[in-house]
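Here are some short exercises to work through with the structure in view. Try each task yourself before you read its solution.

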Amino acid sequence: MVEISINSGNGGGGKKSNEWVDKTLHFIVDLKKQPTMAQLGVGAGFGTVTGYFVTKGGRVVAATVGISFLLAQFAIHKGYITLNESRIERDLKNLQKSVMKKISRKSSEINVSNSFISENRWILGGFAAGMLIGFSVA
């Protein structure tokens, strides 16, 4: 039988880092039980980082989407790609029908999302404010 140790080869310093990771994960899991200011702070921190990276990465994503669109238009123009418009219309109508059926069946799940929002309102509010800060910093 082979025993695998997470701390092998790091000179015994792994136990402290594992304790730090465990404490951090425990804090995040029980974030709803933390004080309001801690919830706002964690939400704002994650929001700021997210907003910063979305702003910086947005240029790359926009360039990629634009180039992909131009390449697709070129391929359609040259005849490499052909579109069957009647099939697209039929598939879109079928998709619309299936989505409407699912929406009517799952109206009870809307209450679940409302309770999620009300339980995590401080975290979500901090995240939204942090996103705005991240956008302005970048």
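**Exercise 1. Find the nonpolar patch on the surface, and say which helix gives the most to it.**

Solution. Keep in mind that this is a predicted model.
Step 1: Mark F74, I76, Y80, I81, L83, I88, L92, L95, V99, M100 and I103, which form the nonpolar patch. Together they have about 1,100 Å² of accessible area.
Step 2: Look at the helices behind the patch. Both α2 (36–78) and α3 (85–105) supply at least two of its residues.
Step 3: With six residues, α3 gives the most.

**Exercise 2. Decide whether F74 and Q39 are buried, partly exposed or exposed.**

Solution. Step 1: Place the two residues. F74 sits in helix α2, and Q39 is found in helix α2 as well.
Step 2: Recall the cut-offs: buried is under 20% relative accessible area, exposed is over 50%, and partly exposed lies in between.
Step 3: F74 has a relative accessible area of 46%, so it is partly exposed. Q39 has a value of 5%, so it is buried.
Step 4: See what surrounds Q39. Setting aside neighbours within four places in sequence, Q39 is in contact with L31, K32, K33, Q34, W122 and I123.

**Exercise 3. Describe helix α5 and work out how its buried residues are arranged.**

Solution. Step 1: Start with the span. Helix α5 covers residues 121–137, which is 17 residues. From first C-alpha to last it reaches 24 Å, close to the 24 Å expected at 1.5 Å a residue.
Step 2: Pick out the buried residues of α5, namely I123, G126, G130, M131 and G134.
Step 3: Look down the axis of α5. The buried residues fall within an arc of 145°, so they line one face of the helix.
Step 4: Turn to the face pointing away from the buried side, where you will meet the exposed residues R121, L132 and S136.
Step 5: Ask what the buried residues of α5 pack against; the partner is α2.

**Exercise 4. Summarise the chain as a whole: its helices and strands, its burial and its contacts.**

Solution. Step 1: Count the elements. The chain has five helices and zero strands, and reads α-α-α-α-α along the sequence.
Step 2: Check burial. Of the 138 residues, 11% are buried.
Step 3: Turn to the surface. About 11,500 Å² is exposed, and carbon and sulfur atoms supply 65% of it.
Step 4: Consider contacts between residues at least 6 apart in sequence. Of these, 70% join residues at least 24 apart.

Technical notes
Residues are numbered from 1 along each chain as its sequence is written. This is a predicted model: local features need pLDDT of at least 70, side-chain atom pairs count only at pLDDT 80 or more; totals for chains, interfaces and linings use all residues. Side-chain values use heavy atoms; hydrogens and water are left out. Patches are made of residues with over 30% relative accessible area and no salt bridge: like charges are joined within 9 Å, nonpolar side chains (Val, Leu, Ile, Met, Phe, Trp, Tyr) within 5 Å. Accessible areas come from the Shrake-Rupley method with a 1.4 Å probe; for residues, only the protein chains shown count as cover. A salt bridge is a side-chain nitrogen of Lys or Arg within 4 Å of a carboxyl oxygen of Asp or Glu. Helices (H or I, at least four residues) and strands (E, at least two) are DSSP runs, numbered from the N terminus. Buried means under 20% relative accessible area, exposed over 50%, partly exposed in between (1.4 Å probe, protein chains only). Contact means heavy atoms within 4.5 Å. The expected span of a helix is 1.5 Å times one less than its number of residues. The arc is that of the directions from the helix axis to the C-beta atoms.
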